[in-house]
Amino acid sequence: MGGNTSSSVNAESNTTVEKDEDVAVVLVPEIDKLFDRDPYLKLHEDEIRRRYGAFDNLRNEINDSEGGIATFTSAYKSFGIHINQDNSVSCKEWAPGACQLYLYGDFNGWEKKRNPYQKLDFGKWELKIPANPDGTCPIKHGSKLKIVVESEDGSLLGRLSPWATYVVKPPVEEGFTYQQVVWHPPQKYEFQHSRPKRPGSLRIYECHVGIATTEGKVGSYVEFRENVIPRIVKLGYNALQLMAIMEHAYYGSFGYQVTSFYAVSSRYGNPEELKELIDVAHSHGLVVLLDVVHSHASKNVLDGLNQFDGTDSCFFHGGARGEHTLWDSRLFNYSSWEVLRFLLSNLRWYMEEYLFDGFRFDGVTSMLYHSRGIGQGFSGDYNEYFGLNTDTEALCYLTLANHMLHEMYPDVITVAEDVSGMPALCRPVSEGGGGFDYRLGMAIPDKWIQLLKELKDEDWNVGNLVHTLTNRRWMEKTIAYAESHDQALVGDKTVAFWLMDKEMYTHMSVLSDSSPVIDRGIALHKMIRLITHALGGEGYLNFIGNEFGHPEWLDFPRVGNNESYHYARRQWNLVDDELLKYRYLNDFDAAMNHLEEQYGWLQKDPGYVSTKHEGDKVISFDRAGLVFVFNFNPTQSFTDYRVGVPAAGKYRLVLDSDDHKFGGHGRLDHNTNYFSFEEPFGGRPYSTMVYAPCRTSFVLAPMD
């Protein structure tokens, strides 16, 4: 979508038309579809329509006042510091609480007041610096600069532009405050590959560039591009989710205390190197998602957004509403026109400048509720979602963001990190929904950790496990995962380490003595991931390294660990060593993903569970025509075990967690044909008989 946009309202149909010089988009409210799908929402119809009306009014106001959403969300083209084609410099900022702004840096000998901004309306400031007499630019690529904010009491406050596109950590002798550096290279990276088409099945590999190296250091964009992307492709993932990309002064924050929203982290390299990383990912058919943090911001003042104009508010709510007590961070004021401009343009910036394919929105639950979700449990009672606790301003921002992204980029993917289960959050905006494509199934990893920490294998409640894996809203897509970065952080452990702990140090060699702990761990690791993948959602996510059972936990360099990188890296050497058993888990993960690519269960209806036998600890279900069988029993194997199948015919084994090549015991005969019987079972019209070894999962596919 480009050019000038305006809007008009058709009085007869009450539909809103967005007009663009190239395209016309008609948004027709279809809220009744929500009530047809879920009649219980009808009780909250007034509130749902009120929220949609708030979004629609805001959208129309933007169209009327700003020339359309496309123009409004392109503010990165004018705000900040820009070197023009004629080598002059244009600068623009929003600082409503400031008495005066100045620009200083290498270009003017660091004289604070030599280059003052001119005050405009609505708290905006502008500065234009002509080209040098010889036609060169007065501000050079790679030079440093700062903004001086003069407050009401006459204080001169050093600040970085909120729109800075490149900031760096200073040399030790210059302190710890990040410095703004002009990024205007003579040769910018030119993308060679277009964005891949949006995949029908989303298999996400969640990554952190900094820890993606075996060495005890911060990894780089270049190393990730060369060494990690080939691994991801080989494993069968089709989406790359990059976290900790938006600049954050504190490395240990895992990227969730953002200080510069338009700058990609310089600790991994420069912007052009990130562009090449994304381009190479696209060349392999990988879509690339950015873990975007618009739920809060770092409290840093000197190199963050906090108190940019010398006041407590500016980008944030003033007072208690502007602070997150649990995260010790600042909360955006989503009712502010300029905050909306800043955040929406931030999304456009990453889509346009870096060609990201979508976003995982962090901290959505905190945004949705005035309580920030702190100390609040969500029982599923709809009154919890449609009462006064919901922050309508934040919800309106998220809805507007999704509307803008999906209208301008039809193949965009947006994911909500929401634990509350807000109804309709992942339905189209036209239905009164939040517009997200997916939400994270955050209860699933919590269930696995609970089972591994608190219960013996024989005490697992398979009915409760199935409930957790299938408890999601109809036609609102969920991304399932057994563990993400959250479960690996210090204070917790990876699933593999919960299963095998210290035995991983001594018995992961194929040459070592057999260990019942390792045998159990390898078996359950595969089963946990397969049932999560196949039953838990419409998308799947894995955190870097966990596919091969990465041991221990994550811990970034800090004073408490003597600034060690030992736990802030990925030990690829473990999976690359043919004499270690990690490769079994890695190979199973790849086989699982490639099987999904072949049959596409993630894009099919949810699995139909025909068996969940508490005594036997057996679960079976079918999805996408495949039959999945899981025997979680620690000791009992079952012969001639009847399971339901969806169609008559002959079935064959297509995936077996007990296969020798996956570190199993090879108890299943891969040459066996499984014939259906005209005997209904478990709610399915047909059934078959299988051998289900203990702690084994396998998949049957119909034969042509």
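## Asking the definitions

Trainee: Which residue in E26 is the bridge partner of Val609?

Mentor: Val609 has Phe621 as its bridge partner in E26. Before we go on: this is a predicted model, where local features need pLDDT of at least 70 and side-chain atom pairs count only at pLDDT 80 or more, while totals for chains, interfaces and linings use all residues. Residues are numbered from 1 along each chain as its sequence is written, and side-chain values use heavy atoms, with hydrogens and water left out.

Trainee: How do you know that E25 and E26 pair?

Mentor: Count the bridges. Two strands pair if DSSP finds at least two bridges between them. Strand E25 (residues 608–613) and strand E26 (residues 618–623) have 5 bridges, in the antiparallel sense, so they count as paired. The names are DSSP runs numbered from the N terminus: strands are E runs of at least two residues, helices are H or I runs of at least four. The hairpin of E25 and E26 has 4 residues between its strands, and Lys617 takes a positive phi near 65 degrees there.

Trainee: What makes E4 and E7 edge strands?

Mentor: The sheet is open, with 4 strands in the order E4-E5-E8-E7 and antiparallel pairing. E4 and strand E7 (118–119) each have a single partner strand, so one side of each lacks a neighbour in the sheet. As for E4 and E5, 4 bridges join them and they run antiparallel; Gly80 stands opposite Lys92 in E5.

Trainee: What is unusual about the phi of Asn87?

Mentor: Most residues other than glycine have a negative phi. Asn87 isn't a glycine, yet its phi is positive, about 70 degrees. Asn87 sits in the loop between strand E4 (80–83) and strand E5 (89–94).

Trainee: Why is Asn87 called buried, exposed or partly exposed?

Mentor: Buried means under 20% relative accessible area, exposed means over 50%, and partly exposed is in between (1.4 Å probe, protein chains only). Asn87 has 25%, so Asn87 is partly exposed. Arg372 also has a positive phi without being a glycine, at about 60 degrees. Arg372 lies in the loop between helix H7 (364–368) and H8, and at 12% Arg372 is buried.

Trainee: How do you know whether Gly219 is buried or exposed?

Mentor: Use that cut-off again: Gly219 has 2% relative accessibility, so it counts as buried. Gly219 is in the loop between strand E13 (202–208) and helix H4 (221–235). Contact means heavy atoms within 4.5 Å, and Gly219 touches Val209, Gly210, Thr213, Arg267 and Tyr268, leaving out residues up to four places away in sequence. Gly219 and Val209 are 10 residues apart in sequence, with their C-alpha atoms 5.9 Å apart.

Trainee: How do you know how many disulfides there are?

Mentor: A disulfide is a pair of cysteine sulfur atoms within 2.5 Å. A search of the whole structure finds 0. Cys396 is in no disulfide, and the nearest cysteine sulfur, that of Cys426, is 17 Å away. From the side of Cys426, the closest cysteine sulfur is that of Cys396, and 17 Å is too far for a bond. Cys396 is buried at 9%, and Cys426 is buried at 5%.

Trainee: What makes the span of helix H9 agree with expectation?

Mentor: The expected span is 1.5 Å times one less than the number of residues. For the 12 residues of H9 (residues 443–454) that comes to 16 Å, and the end C-alpha atoms are 16 Å apart, so the two agree. Among the buried residues of H9 are Ile444, Trp448 and Leu452. The helix's buried residues pack against elements including helix H10 (462–470) and helix H13 (516–535).

Trainee: What makes a set of residues a nonpolar core?

Mentor: They must be buried Ala, Val, Leu, Ile, Met, Phe, Trp, Tyr or Cys residues joined through side-chain atoms within 4.5 Å. The largest here has 176 residues, and Phe224, Leu242, Phe361 and Tyr397 touch the most other members. Helix H8 (residues 392–408) gives the most to this core, 10 residues. This core also draws at least three residues from each of domain 1 (75–182) and domain 2 (608–703), with bounds from an automatic or database domain assignment. The C-alpha centres of those domains lie 66 Å apart.
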